[in-house]
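Visitor: I would like to take a close look at a single part of this protein, and I would be glad of one connected account rather than scattered remarks. Please begin with one residue and work outwards from there.

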Amino acid sequence: MKTIVAGREPVTATEFIELALGIDLELFTGSATESPLERAARLDVAHEVLADLRESDPETAAYAASLLRTLPLRTQPTGRRPRRTVRHLARATAVAGAAVAA
């Protein structure tokens, strides 16, 4: 059975929430790549939308307010490589073998 909201078929859970509640999730959660100026502008709009939602739909407003408290996932800045934790098996085996032999 297909789930259709407002005449559209959502592909992901995020799309389903956006269609069902009528709010843009990224407006409240943000993007990891936004600049501080973009973030400030987005938050201004989000707070205005939230104020309107509190009057018209308190349940959706509560959900949107909880989204404002979440942080977007951070991505690695370009030009930097992520740190890798490398476990040297040869050393670990030698240490474990020394403990067993003693």
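Visitor: Is R42 buried or exposed, and what is its relative accessible area?

Guide: Before turning to the residue, please bear in mind that this is a predicted model. R42 has a relative accessible area of 12%, and because buried means under 20% relative accessible area, R42 counts as buried. The residue belongs to helix α3, which covers residues 36-56. If neighbours within four places in sequence are set aside, the residues in contact with R42 are E26, L27, F28, T29, G30 and E34.

One of these partners, E34, deserves a separate look. E34 sits in the loop between α2 (25-29) and α3, and with a relative accessible area of 18% E34 is buried, as R42 is at 12%. When residues up to four places away in sequence are not counted, E34 touches R39 and R42, so that the contact with R42 appears again when the list is read from the side of E34.

The helix that carries R42 also packs against another helix. Helix α4 (residues 58-68) and α3 meet at an angle of about 155 degrees, and their axes are 7 Å apart. Since angles over 145 degrees count as roughly antiparallel, α3 and α4 are roughly antiparallel to each other. The crossing in which α3 passes α4 is left-handed. On the α3 side the contact is made by L43, A46, H47, L50, L53, R54 and S56, while α4 contributes P58, T60, A61, A64, A65 and L68. Sorted by character, the residues of this contact of α3 with α4 comprise nine nonpolar, three polar and one charged.

Further towards the N terminus, helix α1 (residues 13-21) holds I17, and E15 is found in helix α1 as well. I17 is partly exposed, at a relative accessible area of 25%, and E15, with 32% relative accessibility, is likewise counted as partly exposed. Apart from neighbours within four places in sequence, I17 is in contact with G22, L25 and Y63. L25 can also be placed relative to E15, for these two residues are separated by 10 positions in sequence and by 9.0 Å in space, taken from C-alpha to C-alpha.

It remains to set these details within the whole protein. Its secondary structure consists of five helices and zero strands, and from the N terminus on the elements follow the order α-α-α-α-α. Of the 102 residues in the protein, 19% are buried, with R42 being one that is buried and E34 another. Among contacts between residues at least 6 apart in sequence, 40% join residues at least 24 apart. The protein exposes about 8500 Å², and carbon and sulfur atoms supply 56% of that area.

Methods: Residues numbered from 1 in each chain as written. Predicted model: local features only at pLDDT ≥ 70, side-chain atom pairs only at ≥ 80, totals over all residues. Heavy atoms only, no water. Helix = DSSP H or I, 4+ residues; strand = E, 2+ residues; numbered from the N terminus. Buried < 20%, exposed > 50% of the residue type's maximum accessible area, 1.4 Å probe, protein only. Contact = heavy atoms within 4.5 Å. Areas by Shrake-Rupley, 256 points an atom, 1.4 Å probe, with all protein chains shown as cover. Axes fitted to C-alpha atoms, helices over the stretch in contact; angles between N-to-C directions. Parallel < 35°, antiparallel > 145°, perpendicular 65-115°, else oblique. Left-handed = near helix turned anticlockwise from the far one by under 90°. Nonpolar A, V, L, I, M, F, W, Y, C, P; charged D, E, K, R; others polar.
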